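Reader: I am new to this structure and would like a close look at a single part of it. Please take me through its salt bridges, and then set them beside the nonpolar core.

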Amino acid sequence: MLSFFPIALTFLLFIYEYRNYRLLKKAKFLYEKDGVKYYQIESEEDNAITIKSVVFGKNVIIIGKVNKEVLAHEEGHLHQPYFIYYFLTISALAISYNVLTIPGLLVLYKAVFLHYEREADLYAYYHYNTKYSSEQQRPSRRIDRLKEWVFDTHPPDWVREKEEYYEKKNSLIKLFLEDLLS
């Protein structure tokens with residue numbers, strides 16, 4: 001079974017690096033600062049993506065206009081470990097051992113991803129006094145709130161705007177349960 005590990009790892013790394021290549025190919029180079037290359041993709045919505053890659057190095061792709069709050073969040077990602085490589089290695093190992101580990105890996109990925117997104121928000125808050133702001137309202141139905149937690153890449157907007165989100169003592173699990181049960 002473990003003989004499948006190199007194939008699974010190569011496949012997962014290829015998919016990740018190909019995604020990075022496609023994003024960088026679509027973007028226009030702006031400048032380089034402190035070893036980080038900044039690119040831009042035109043869009044109506046302001047956002048950004050941080051790419052930390054062994055192949056392409058550290059990059060920030062600005063989507064839409066340059067926004068200092070978004071860049072503060074992305075700077076937080078630049079200080080985080082290359083967790084995606086650790087996760088892909090663990091995933092390839094687990095999948096080569098048993099394909100039925102995939103659902104558990106997806107849950108693990110989501111939990112780690114939400115953790116690192118919150119850490120980037122906390123970095124922006126504690127270093128630049130920048131909080132996330134949005135006009136999205138909290139859905140009244142629990143199922144709609146659960147969908148936001150599961151399918152969005154970040155914690156839901158209404159949670160990211162709360163004061164207690166920026167208190168390090170409050171865990172994401174606590175915020176998740178409060179949001180769903182209230």
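Author: A starting point is Glu163, which has a relative accessible area of 44% and is therefore partly exposed. This is a predicted model, and the description that follows is of that model. The side chain of Glu163 forms a salt bridge with that of Lys131, with an N to O distance of 2.3 Å. Lys131 sits in the loop between helix 4 (102-128) and helix 5 (142-151), while Glu163 sits in the loop between helix 6 (157-160) and helix 7 (172-181), so this salt bridge ties together parts that are 32 residues apart in sequence. Lys131 is also partly exposed, because its relative accessible area is 30% and the partly exposed class runs between 20% and 50%.

The pair is one of 7 salt bridges in the count. Another joins Arg138 to Asp179, whose closest N and O atoms are 2.8 Å apart. This pair, too, links distant parts of the chain: Arg138 is in the loop between helix 4 and helix 5, Asp179 is in helix 7, and 41 residues separate them. What is the burial state of each partner, Arg138 and Asp179? Arg138 has a relative accessibility of 36%, so it counts as partly exposed. Asp179 has a relative accessible area of 2%, which means that it is buried, the limit for that class being under 20%. The pair does not stand alone, since Arg138, Arg145 and Asp179 are linked in a network of salt bridges.

A further salt bridge holds Arg141 and Asp144, with 3.8 Å between the closest N and O atoms; the cut-off for a salt bridge is 4 Å. Asp144 is partly exposed, because its relative accessible area is 24%.

Next comes the nonpolar core. In soluble globular proteins, nonpolar side chains tend to be buried together. Here the largest nonpolar core has 12 residues, among them Leu12, Tyr16, Ile84, Phe87, Leu88 and Leu105. Helix 1 (5-26) and helix 3 (83-97) are the elements that give two or more residues to this core. Helix 3 provides the largest share, 7 residues. Within this core, Tyr16 shows how the pieces meet: apart from its neighbours within four places in sequence, Tyr16 is in contact with Lys52, Ile84, Tyr85 and Leu88. There is also a second, separate core of 10 residues, including Leu122, Trp149, Val159 and Leu175.

Methods
Residues are numbered from 1 along each chain as its sequence is written. This is a predicted model: local features need pLDDT of at least 70, side-chain atom pairs count only at pLDDT 80 or more; totals for chains, interfaces and linings use all residues. Side-chain values use heavy atoms; hydrogens and water are left out. Helices (H or I, at least four residues) and strands (E, at least two) are DSSP runs, numbered from the N terminus. Buried means under 20% relative accessible area, exposed over 50%, partly exposed in between (1.4 Å probe, protein chains only). A nonpolar core is a set of buried Ala, Val, Leu, Ile, Met, Phe, Trp, Tyr and Cys residues joined through side-chain atoms within 4.5 Å. Contact means heavy atoms within 4.5 Å.
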